[in-house]
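Student: Please take a close look at one part of this structure, namely the pairing of charged side chains. A connected account would be welcome, one that sets the pairs in the context of the chain.

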Amino acid sequence: MIKGNYQRRYLRAPYKEEILYSDGENVLKASTINISEDGILIDHLPSFPSQDDVPLIFPLRIYPVLKNLSLYQLQTFSSDLITTSIVQAKARMVRREQLSQDLENIFKSRFGLHFVSITNEHKNMIETYVSTFSVNMIYLQTLVDSFNSDEETRLRTRVVANILGYRAHEKIAKLRLEVSNDYNGLQWL
């Protein structure tokens with residue numbers, strides 16, 4: 001694959017869920033890394049079906065905009081406030097990336113999948129997920145950058161990080177690195 005400057009057609013957001021897919025005979029499970037309206041990146045698989053259209057099914061959780069919630073609302077946040085829908089699509093593998101040459105990952109790869117068949121309703125759900133998660137990620141990045149400004153900011157940082165799937169009590173330097181990596185992945189370039 002030729003590497004160069006390019007602009008993605010769609011913004012992507014971290015998406016760390018398990019999906020189900022079919023190879024035509026079996027239903028299999030895979031972990032994901034990120035998602036966009038155009039496709040999804042799956043991780044740690046030895047192979048992926050080479051057939052053109054692979055059916056997928058996965059949950060999509062739509063978070064509220066967290067910066068609009070008070071500290072009390074954040075601290076008492078419940079997963080019941082997250083709307084979850086099930087998305088069905090068909091996808092085609094467009095990219096394979098070998099993870100590494102170490103023994104633990106030698107037979108595992110990441111696969112970039114392009115949605116070839118998805119309803120407009122499900123595509124709109126993904127667009128909503130990505131845009132809302134992006135707003136929340138930018139908010140978390142701002143909180144992490146201002147972590148030492150006051151006690152409320154420290155509390156907000158920990159709670160928002162937890163809601164978005166990060167370890168709430170991670171050392172701030174490590175949390176900053178993880179959030180920064182995911183934040184950079186949001187960008188168009």
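Tutor: One definition is needed at the outset: a residue is called buried under 20% relative accessible area, exposed over 50%, and partly exposed in between. The model is predicted. The mean pLDDT of the protein chain is 85, and 88% of the residues reach 70 or more. Residues 1-6 should be set apart, since pLDDT stays under 50 there. For that segment the model has three contacts beyond four places in sequence. Where pLDDT is low, the predicted coordinates should not be read in detail.

The architecture comes next, as the charge pairs are placed on it. The protein chain contains four helices and seven strands, and along the sequence these follow the pattern β-β-β-β-β-α-β-β-α-α-α. Of its 189 residues, 41% are buried. Among contacts between residues at least 6 apart in sequence, 65% join residues at least 24 apart. The accessible surface amounts to about 11,100 Å², and carbon and sulfur atoms account for 49% of that surface.

Side chains of opposite charge can pair when their charged atoms come close. In this model, a search of the whole structure finds nine salt bridges. One of them joins Lys16 to Asp182, with 3.8 Å between the closest N and O atoms. Lys16 lies in the loop between β1 (12-14) and β2 (18-22), whereas Asp182 belongs to helix α4, so this pair ties together parts that are 166 residues apart in sequence. The partners differ in exposure: Lys16 counts as exposed because its relative accessibility is 56%, while Asp182 counts as buried because its value is 17%.

Asp182 merits further attention. Helix α4, in which it lies, covers residues 172-186. Besides the salt bridge to Lys16, the side chain of Asp182 makes a polar contact with the side chain of Tyr166 at 2.4 Å. Leaving out residues up to four places away in sequence, Asp182 touches Pro14, Lys16, Met137 and Tyr166. Both the charged partner Lys16 and the polar partner Tyr166 are therefore included among the residues that buried Asp182 touches.

A further salt bridge pairs Asp43 with Arg110, the closest N and O atoms being 3.2 Å apart. Asp43 sits in strand β4 (residues 39-45) and Arg110 in strand β7 (residues 109-118), so the pair ties together parts that are 67 residues apart in sequence. Asp43 is buried, at 10% relative accessibility. Arg110 is partly exposed because its relative accessible area, 29%, falls between the two limits given above.

Strand β7 also holds Ser109, which is buried at 0% relative accessibility. Ser109 and His44 are 65 residues apart in sequence, yet their C-alpha atoms are 5.3 Å apart in space.

Helix α4 takes part in another salt bridge, between Arg167 and Glu178, with 3.4 Å between the closest N and O atoms. This pair links distant parts of the chain, with Arg167 in the loop between α3 (151-163) and α4, and Glu178 in helix α4, eleven residues apart. Salt bridges with shared partners join Arg167, Glu170 and Glu178 into one network. Within that network, Arg167 is exposed, at 51% relative accessibility, and Glu178 is partly exposed, at 22%.

An uncharged polar side chain offers a useful point of reference. Asn136 lies in helix α2 (residues 120-145) and is buried, with a relative accessible area of 0%. Its side chain reaches the backbone oxygen of Pro64 at 3.0 Å and the backbone nitrogen of Leu66 at 2.8 Å. Beyond neighbours within four places in sequence, Asn136 is in contact with Tyr63, Pro64, Val65, Leu66, Lys67 and Leu164.

Finally, the surface has a nonpolar feature to set beside the charged pairs. Leu20, Val27, Ile57 and Ile86 form a nonpolar patch with about 340 Å² of accessible area together. Val27, one of its members, is found in strand β3 (residues 27-36) and is exposed, at 62% relative accessible area.

Conventions: Residues numbered from 1 in each chain as written. Predicted model: local features only at pLDDT ≥ 70, side-chain atom pairs only at ≥ 80, totals over all residues. Heavy atoms only, no water. Patch = residues over 30% accessible without salt bridge, like charges linked within 9 Å, V, L, I, M, F, W, Y side chains within 5 Å. Areas by Shrake-Rupley, 256 points an atom, 1.4 Å probe, with all protein chains shown as cover. Salt bridge = Lys/Arg side-chain N within 4 Å of Asp/Glu carboxyl O. Helix = DSSP H or I, 4+ residues; strand = E, 2+ residues; numbered from the N terminus. Buried < 20%, exposed > 50% of the residue type's maximum accessible area, 1.4 Å probe, protein only. pLDDT = per-residue confidence, 0-100. Contact = heavy atoms within 4.5 Å. Polar contact = N/O pair within 3.5 Å; in protein donor to acceptor, adjacent residues only side chain to side chain.
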